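Here are my notes on this model. Keep the 3D view open as you read, and find each residue as it comes up.

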Amino acid sequence: MESLTTLMIFLFCLAGIACAVVLAGAIWCRRVILSINRRINELNGRIREMEDRAGTVCESTDTQVRSLTSDQLSARFERADKMPASDVSAKYRHVARLACSGLGAAELSEILDVSLMEADQMLLLARLTGKTA
C-alpha cells in the first residue's frame, strides 16, 4: 500500500512538472508572438510612410506634367533623344515620371513618336525598376 501511495505522489509531481513546463513554453511563445507583432506593426508604419511619400511625389509630378502641352512634352523628349548614351537613364526616369502621373502607353507612344509596343516596354521597365506606382 505504501508503494502505491508513493507511486501516486510521484505521478502527481511529474504531472505538475509537465504542466509547469507547458505553461513556461506558452508564456515564451506569447512573448515571441508579441515581439513579432510589434515588428510587423513597425514595418507596416514604415511602408505607409513610404507610400505617402511616393504619393506626394507622384501628385506633384502629375500637376507639373498635366500643365504641359503636347508640344512641350514632345520638345522634352526630343531633347532626351539627343542625350549621349550615358544619359539615356534620364530619358527613362522622365518616362517613369510621366507614367506616375497617369499617362499610359498610348499617350507616351504619341508624345515620343515610337511604336505602342516600345512605349509599353518603357512603362514596363519603369515599373520593374520601381519608379512608378
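The points below cover confidence, the core, one buried residue, the salt bridges and a surface patch.

1. Confidence. Start with how far to trust the picture. This is a predicted model. The chain has an average pLDDT of 77. Of its residues, 68% score at least 70. Confidence varies along the chain: helix H1 has the highest mean, at 84. Helix H2, residues 70-81, has the lowest, at 67. Keep that in mind when you look at H2.

2. The core. Which residues make up the largest nonpolar core? There are 11 of them: Val95, Leu98, Ala99, Leu103, Ala105, Leu108, Ile111, Leu112, Ala119, Met122 and Leu123. Three helices each give two or more residues to this core: H3 (88-100), H4 (105-112) and H5. H4 supplies the largest share, with four residues.

3. Helix H4. Look along this helix for its buried residues. They are Ala105, Leu108, Ser109, Ile111 and Leu112. Ala105 has contacts farther along the chain. Leaving out residues up to four places away in sequence, Ala105 touches Leu116, Ala119, Asp120 and Leu123. After H4 comes Asp113, with a positive phi near 60°.

4. Ala119. Is Ala119 buried or exposed? Its relative accessibility is 0%, so Ala119 counts as buried. This residue lies in helix H5, which spans residues 116-128. What does Ala119 touch, not counting residues up to four places away in sequence? The answer is Ala105, Leu108, Ser109 and Val114. Take Ser109 as an example. Ser109 and Ala119 are 10 residues apart in sequence, yet their C-alpha atoms are 5.2 Å apart in space. Ala119 is also one of the residues of the largest nonpolar core.

5. Salt bridges. How many salt bridges does a search of the whole structure find? It finds two. Side chains of opposite charge can pair when their charged atoms come close. One bridge joins the side chains of Arg39 and Glu42, at 2.7 Å from N to O. In the other, Arg46 pairs with Glu42, and the closest N and O atoms are 3.3 Å apart. Glu42 takes part in each pair, and Arg39, Glu42 and Arg46 are linked in a network.

6. Where the network sits. Check the spacing on the helix. Arg39 and Glu42 both lie in H1, three residues apart, which is about one turn of the helix. Arg46 and Glu42 also both lie in H1, four residues apart, again about one turn. Now check how open these residues are. Arg39 has a relative accessible area of 41%, so Arg39 is partly exposed. Glu42 is partly exposed too, because its relative accessibility is 37%. Arg46, at 44%, also counts as partly exposed.

7. The surface patch. Nonpolar residues can be found on the surface of this model as well. Met1, Leu4, Leu7, Met8, Phe10, Leu11, Phe12 and Leu14 form a nonpolar patch there. Together they have about 900 Å² of accessible area. Leu11 is worth a look. Leu11 sits in helix H1, residues 2-66. With a relative accessible area of 43%, Leu11 is partly exposed. Compare Leu11 with Ala119, which counts as buried at 0%.

Technical notes:
Residues numbered from 1 in each chain as written. Predicted model: local features only at pLDDT ≥ 70, side-chain atom pairs only at ≥ 80, totals over all residues. Heavy atoms only, no water. Patch = residues over 30% accessible without salt bridge, like charges linked within 9 Å, V, L, I, M, F, W, Y side chains within 5 Å. Areas by Shrake-Rupley, 256 points an atom, 1.4 Å probe, with all protein chains shown as cover. Salt bridge = Lys/Arg side-chain N within 4 Å of Asp/Glu carboxyl O. Buried < 20%, exposed > 50% of the residue type's maximum accessible area, 1.4 Å probe, protein only. Contact = heavy atoms within 4.5 Å. Core = buried A, V, L, I, M, F, W, Y, C linked by side-chain atoms within 4.5 Å. pLDDT = per-residue confidence, 0-100.
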